Amino acid sequence: MIDKLVEKIRRTGAPIEVGLDPMLDYVPEFVKQKAYAEQGETLEGAAEAIWQFNKAIIDAVYDLIPAVKPQIAMYEQFGIPGIMAFKKTLDYCHEKDLIVIGDIKRGDIGSTSGAYATGHLGKAQVGSRSYYGFNEDFITINPYMGTDSVQPFIDVAVPEKKGMFILTKTSNPSSGEFQDRLIDGRPLYEWVAEKVVEWGSQHMGECGYSYVGAVVGATYPEMGKVLRGIMKKNFILVPGYGAQGAKGSDLVNYFNEDGLGAIVNSSRGIIAAYKQPKYEKFGPEGFADASRQAVLDMIEDIQVGAGLR
Ligand SMILES: O=C(O)c1cc(=O)[nH]c(=O)n1[C@@H]1O[C@H](COP(=O)(O)O)[C@@H](O)[C@H]1O
């Protein structure tokens, strides 16, 4: 999958992923009303609304991008119907040949991590048969419980040729509270980055990049530069573009000289584009076209701002 990700980034010229984080507030009224007419103002109605919203956006952007990142919390808030909308979204993205990064941020003691890994990357054995549960291509992992919490994900990912992105320096304002603390003179996020390199060496793609990548927020470009230097063969998933304030020129440190090595996420900036003054002309009816235009603008901004052309 890392080889496919690299191939798709090269083909599209778009080192970006669209974050499918559908809050009901972003779903235009006409989409919600139709879903509620069919399913009522219920959890099922909410799940139908976010699924229809996602589907229209995927249809509008899939040819421009290599990957999507559905954030499971946005679906979980609607209980079981929400989880079913999450799974429908994953399957539809696969049908469209998109790489699916499940943003699930898991990590627990070994046996529990193993079960998460089976459910999201691998197959569950049931008697003589085995079944994929969610079947994402990559997932996000919280490594702060240490190697025995991360290793089960790698053990499942290797035979499946799937991967993961490990939280290293996150984009949020208080990420420094713990992650920037100095340990033996170096910030904690650098210690994590060194473990990402070590963990990643167990699972390398033919393209020269590891299946084990890192999450480093676009909102801390100076730290991004240091972390790029430590993790030369690990892809960096970069959140923080758009709604959290980062722009193309902040990303120059995140790419390697081959123009690869990073994939930049934008969620609200793309899926709720029609609400921004810049894309107002599309109106709520044209929400998916507004998302397409926002993707085109993001690609241009990153290619120019990060010096990729
Ligand atoms: O793992 C992530 O994707 C993540 C890590 C991080 O440091 N910061 C961060 O914002 N994210 C996720 O990236 C997405 C950002 O959404 P927007 O701010 O709307 O583009 C959300 O799904 C967050 O959960």
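**Exercise 1. Find the residue that UniProt marks as "active site", and work out where it sits and what it touches.**

Step 1: The unreviewed UniProt entry puts the feature "active site" at K105. Be a little careful here: UniProt positions follow the numbering used here, feature names are shortened, and annotations may be inferred rather than shown by experiment. Residues are numbered from 1 along each chain as its sequence is written. You're looking at a predicted model, where local features need pLDDT of at least 70, side-chain atom pairs count only at pLDDT 80 or more, and totals for chains, interfaces and linings use all residues.

Step 2: K105 belongs to strand β3. (Strands are DSSP runs of E, at least two residues, and helices are runs of H or I, at least four residues, numbered from the N terminus.)

Step 3: Is K105 buried or exposed? It counts as partly exposed, because it has 16 C-beta neighbours inside 10 Å. (Buried takes 20 or more other C-beta atoms within 10 Å, exposed means 12 or fewer, and partly exposed is in between; C-beta atoms are placed from the backbone.)

Step 4: Leaving out residues up to four places away in sequence, K105 touches T140, N142 and L167. (Contact means C-beta atoms, placed from the backbone, within 7 Å.)

**Exercise 2. Trace the barrel and check some of its strand pairs.**

Step 1: Follow β1-β2-β3-β6-β7-β10-β11-β12: these eight strands form a closed barrel with parallel pairing. (Two strands pair if DSSP finds at least two bridges between them.)

Step 2: Start at β2. Four bridges join β2 to β1, with V18 opposite V68. On to β3 (residues 99-106), two bridges link it with β2, and V68 stands opposite V100.

Step 3: Now look at the side chains of β2 (residues 67-70). A67 and K69 point one way, V68 and P70 the other, and all are buried.

Step 4: Go round to β7 (residues 163-169), which pairs with β10 (residues 210-216) in the parallel sense over five bridges. Here L167 stands opposite V215.

**Exercise 3. Describe the shell around the ligand.**

Step 1: How many residues surround the ligand? There are 19, and the closest are Q71, T170, P239, S267 and R268. (The cut-off is a C-beta atom, placed from the backbone, within 6 Å.)

Step 2: Two or more shell residues come from each of β12 and α11 (268-271).

Step 3: Sort the shell by class: three nonpolar, 13 polar and three charged residues. (Ala, Val, Leu, Ile, Met, Phe, Trp, Tyr, Cys and Pro count as nonpolar, Asp, Glu, Lys and Arg as charged, and the others, Gly among them, as polar.)

Note on methods. Contact = placed C-beta atoms within 7 Å.
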